[in-house]
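Colleague: I should like a close look at a single part of this model, the sheet, followed by a word on the cysteines. Please take me through them in a connected way.

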Amino acid sequence: INAEYMGEMRVPIGMKVKSRDIETDITNTTIKLGLKRAPPLVEGPLFQKVKCEDCFWTLEDGDTLVVHLTKANQMEWWKSIVKGHPEINVQKVQPENSKLEDLDGETRQTVEKMMYDQRQKQLGLPTSEEQEKRKVLEKFMKQHPEMDFSQAKFC
């Protein structure tokens, strides 16, 4: 199994087949891939959760199953796709260099948010999510001046 750990998994089948011969079952936490009426080529618990409704597969050149997994948490690298399979050291992964302006709008926004949050953490400051939670809490406190928040501890 060749995997890019970014959500794409390539499974060589070993012979030419048609897409109707493929059997897949992908849930939020498990994966099972193979040929109908044969033992699975891949089966087991996923390293982390996926959005199964956004996952899909294609048959490449009739002999390679390419599975695209949409991670529930797009911000993390996986050590493996299936638990118990060989792992990579994600600390040594060198992401492909690309310019922010080359990315589509949604991807660029995600990358910029990740970069901002990483800088904030390094400086010991709140991330964008923590800032948003704080704003919601402050709004709630203003809407309920009758409540005493003086003893409240905020994480």
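Modeller: Two strands are taken to pair if DSSP finds at least two bridges between them. The model under discussion is predicted. By that criterion, three strands form an open sheet in the order β3-β4-β5, and their pairing is antiparallel. The edges are occupied by β3, residues 22-26, and by β5, residues 42-45; each of these strands pairs on one side only. From one strand to the next, the twist averages 5°. In general, the strands of a sheet pair through backbone hydrogen bonds, in either a parallel or an antiparallel manner.

The pairing of β3 with β4 may be considered in detail. Strand β4 covers residues 30-35, and five bridges join it to β3, the two running antiparallel. Within this pairing, D25 stands opposite K32 of β4.

As to the cysteines, the structure contains zero disulfides. C52 takes part in none, and the nearest cysteine sulfur, belonging to C55, lies 6.6 Å away. Such a bond is a covalent link between the sulfur atoms of two cysteines. A disulfide requires the two sulfur atoms to be within 2.5 Å; because the sulfur of C55 is 6.6 Å from its closest counterpart, in C52, the separation is too far for a bond. The surroundings of the two residues may also be stated: C52 is partly exposed, with a relative accessible area of 28%, whereas C55 is buried, with a relative accessible area of 14%.

Terms used: Residues numbered from 1 in each chain as written. Predicted model: local features only at pLDDT ≥ 70, side-chain atom pairs only at ≥ 80, totals over all residues. Heavy atoms only, no water. Buried < 20%, exposed > 50% of the residue type's maximum accessible area, 1.4 Å probe, protein only. Helix = DSSP H or I, 4+ residues; strand = E, 2+ residues; numbered from the N terminus. Axes fitted to C-alpha atoms, helices over the stretch in contact; angles between N-to-C directions.
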